[in-house]
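Dear colleague,

I am passing the structure below on to you, together with some notes on its side chains. Could you read the notes with the coordinates open beside them?

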Amino acid sequence: MGWAIVYFTRTGNCERIARKLSEMTGYPTIKLVDDVNWSGFLGFIKAGFYALTGKRTRIRLEGKIDAERIVLVTPIWAGSITPAARSFLDHFDPSKVLLVTVSEVTTPEDVHRSLRRKYNLLGIHGFTRRTNEDETIKHLAETLQKL
């Protein structure tokens, strides 16, 4: 059973990270999609509004989860997880989810503080522009092997 890597992406950054982690661990990747068009400038504004207000979206997975635990890779929009990630956590036991955030500036510690009261997550790891992506993925893969 083990792990599955579920990712949501708007620009492709989260997909790249999820695929690199999959290559290193052998765990399958599953794309999380929602019913909203996030493209262009209006999509960017809408994304910030949805994230700030805690909105959810209708989601679907492009694949089947056949794992006990999930690595959920999601961007950070306006200092919060994406609406699709919120919706996913509403339907999957958060205590079995290791959240991986991808942001230009928001640290995983900031996100964890904001989510601590809402979700009992297995843990949080994060990528920022100061992060060495390959080293962080390697560290994350080693962490998954220990959990």
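What follows goes through salt bridges, aromatic rings, a surface patch and two single residues.

Please keep in mind throughout that this is a predicted model, and that the values below are computed from it.

Salt bridges

Side chains of opposite charge can pair when their charged atoms come close. With a limit of 4 Å between a side-chain nitrogen of Lys or Arg and a carboxyl oxygen of Asp or Glu, the count comes to six salt bridges, and I describe some of them here.

Within helix α1, which covers residues 13-25, Glu15 and Arg19 are placed four residues apart, or about one turn of the helix, and their side chains form a salt bridge in which the closest N and O atoms are 3.3 Å apart. Both partners are partly exposed, Glu15 with a relative accessible area of 25% and Arg19 with one of 37%.

Arg16 forms a salt bridge with Glu133, and here the closest N and O atoms are 2.7 Å apart. This pair links distant parts of the chain, since Arg16 belongs to helix α1 and Glu133 to helix α5 (residues 133-146), with their positions 117 residues apart in the numbering. The two ends fall into separate classes of accessibility: Arg16 is partly exposed at 36%, whereas Glu133, at 19%, is buried because the class takes in values under 20%. Arg16 and Glu133 also belong to a network of salt bridges that links them with Lys20 and Asp134.

Asp90 and Arg56 meet through their side chains in a salt bridge with an N to O distance of 2.8 Å. Asp90 lies in helix α3 (residues 83-91) and Arg56 in the loop between α2 (40-53) and β3 (59-62), so this salt bridge ties together parts that are 34 residues apart in sequence. Asp90 is partly exposed, with a relative accessible area of 41%, and Arg56 likewise counts as partly exposed, at 38%.

Aromatic rings

A pair of aromatic rings is described by the distance of the centres and the angle of the planes. The structure holds five aromatic pairs, and two of them are set out below.

In the pair of Trp38 and Trp77, the ring centres are 4.8 Å apart and the planes stand at 65°, so the arrangement is edge-to-face. These two residues come from distant parts of the chain, Trp38 from the loop between β2 (29-34) and α2, and Trp77 from strand β4, 39 residues apart. Both rings belong to buried residues, with a relative accessibility of 6% for Trp38 and of 9% for Trp77.

Phe88 and Phe92 have ring centres 5.5 Å apart and planes at 20°, so this pair is stacked; both residues are buried.

Trp38 and Trp77 are also members of one aromatic cluster, in which they are joined by Phe8, Phe49 and Tyr50. Two lysines are placed over rings of this cluster: Lys46 lies over the face of Trp38, at 6.0 Å from the ring centre, and the charged end of Lys55 sits over the ring of Tyr50, 5.7 Å from its centre.

A nonpolar patch

On the surface, Phe41, Leu42, Phe44 and Ile45 make a nonpolar patch of about 490 Å². Ile45, one of its members, is found in helix α2 and counts as partly exposed, at 44% relative accessibility.

Two single residues

Most residues other than glycine have a negative phi, and most peptide bonds are trans. Against that background you may want to look at Ala78, which has a positive phi of about 55° although it is not a glycine. Ala78 is placed in the loop between β4 (69-77) and β5 (80-81), where, at 45% relative accessibility, it counts as partly exposed.

Which residues is Thr136 in contact with, once its neighbours within four places in sequence are left aside? They are Gly126, Phe127 and Thr131. Thr136 itself belongs to helix α5 and is buried, with a relative accessible area of 17%.

With kind regards

Terms used. Residues numbered from 1 in each chain as written. Predicted model: local features only at pLDDT ≥ 70, side-chain atom pairs only at ≥ 80, totals over all residues. Heavy atoms only, no water. Buried < 20%, exposed > 50% of the residue type's maximum accessible area, 1.4 Å probe, protein only. Patch = residues over 30% accessible without salt bridge, like charges linked within 9 Å, V, L, I, M, F, W, Y side chains within 5 Å. Areas by Shrake-Rupley, 256 points an atom, 1.4 Å probe, with all protein chains shown as cover. Phe/Tyr/Trp six-rings, centres within 6.5 Å; stacked < 30°, edge-to-face > 60°. Lys NZ or Arg CZ within 6 Å of the ring centre and 35° of its normal. Contact = heavy atoms within 4.5 Å.
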